[in-house]
Amino acid sequence: MMQNLNAEDKQAISELLSRAAFAYDEKDIEMLSASFSVDAQFTMRIADGDLIGPFEGREGIMKLMIDSMDQQTDKRRHVISNIFFESSQDNNVSVVSNLTLFATENGEIQLLSAGVYHDSVVKINDNWEVYRRHLDLDKSY
């Protein structure tokens, strides 16, 4: 059910998704961490494979992300697009967006993968945070 979600909240949620992607790419741990609620959960599925996760809580999600960053030798760019809002109830909003993942290494840019985020975001103390995140990737990278 979609309750009235004003343009200001839609913009703030869209910015939240963009900030999380930017923070990961720039390895801004503080900004990335602030994108997730304390009790957030993250799961993913790669190319219709087995479910990966859940990674529980902000700390569990950040450990996954920092470990991933530490293994990367390339420069990542997570491009978030086609954002739309599926449902809204009180301060909980379901939002869907596309991910296009690029990497630059040795002067070459490659498309690594694409996928779809299914997020549940919540408003806590006037700030939107990701509460539940599921990522379906089209292929591994």
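Helices (at least four residues) and strands (at least two) are here DSSP runs, numbered from the N terminus. On this basis the protein, which is a predicted model, has three helices and six strands. Read from the N terminus, the order of these elements is α-α-β-β-α-β-β-β-β. The radius of gyration is 15 Å, close to the 14 Å given by the globule rule for 141 residues, so the protein is as compact as a globular protein of that length. The C-alpha trace spans about 45 × 30 × 25 Å along its principal axes.

Several totals describe the chain as a whole. Of the 141 residues, 39% are buried. When contacts between residues at least 6 apart in sequence are considered, 52% of them join residues at least 24 apart. The accessible surface comes to about 8100 Å², and carbon and sulfur atoms account for 46% of this area. The side chains include 13 positive and 24 negative ones, and the centres of these two sets lie 2 Å apart.

The pairing of the strands may be followed from strand E1, which covers residues 36–46. E1 pairs with strand E2 (residues 51–56) in the antiparallel sense, over four bridges. Two residue pairs illustrate this arrangement: Met44 stands opposite Ile52 in E2, and Gln41 stands opposite Glu56 in E2. The two strands form a hairpin with four residues between them, and in this turn Ala47 has a positive phi of about 50°. Strand E2 also holds Pro54. The peptide bond that leads from Gly53 to Pro54 is cis, with omega near 15°.

E1 has a further partner in E6, with which it pairs in the parallel sense over seven bridges. Within this pairing, Ile46 has Leu137 of E6 as its bridge partner. E1 is thus paired in the antiparallel sense with E2 and in the parallel sense with E6.

Strands E3, E4 and E5 are linked by antiparallel pairings. E3 (residues 75–89) and E4 (residues 92–105) pair over 12 bridges, and Ile80 has Leu99 in E4 as its bridge partner. E3 and E4 form a hairpin with two residues between them. Asp90, which lies in that turn, has a positive phi of about 55°. E4 in turn pairs with E5 (residues 108–124) in the antiparallel sense, over 14 bridges. Here the bridge partner of Phe102 is Leu111 in E5. The hairpin of E4 and E5 likewise has two residues between its strands.

Positive phi values also mark the loops on either side of E5. Asn106 lies in the loop between E4 and E5. Its phi is near 55°, a positive value in a residue other than glycine. With a relative accessible area of 77%, Asn106 is exposed, because the cut-off for that class is over 50%. In the loop between E5 and E6, the corresponding residue to note is Asp126. Asp126 is not a glycine, yet has a positive phi of about 70°. The relative accessible area of Asp126 is 67%, and this residue is therefore exposed as well.

Strand E6 (residues 127–137) contains Tyr131. The relative accessible area of Tyr131 is 25%, which lies between the limits of 20% and 50%, so the residue is partly exposed. Apart from its neighbours within four places in sequence, Tyr131 is in contact with Ser37, Asp39, Ala40, Gln41, Ser120, Val121 and Val122. Among these contacts, Gln41 is the residue that stands opposite Glu56 in E2. His118 is 13 residues from Tyr131 along the chain, and the C-alpha atoms of the two are separated by 11 Å.

Definitions and conventions. Residues numbered from 1 in each chain as written. Predicted model: local features only at pLDDT ≥ 70, side-chain atom pairs only at ≥ 80, totals over all residues. Heavy atoms only, no water. Pairing = 2+ DSSP bridges. Buried < 20%, exposed > 50% of the residue type's maximum accessible area, 1.4 Å probe, protein only. Contact = heavy atoms within 4.5 Å. Rg over C-alpha atoms; globule rule 2.2 N^0.38 Å. Areas by Shrake-Rupley, 256 points an atom, 1.4 Å probe, with all protein chains shown as cover. Lys, Arg positive; Asp, Glu negative; His and termini not counted. Charge placed at Lys NZ, Arg CZ, Asp CG, Glu CD.
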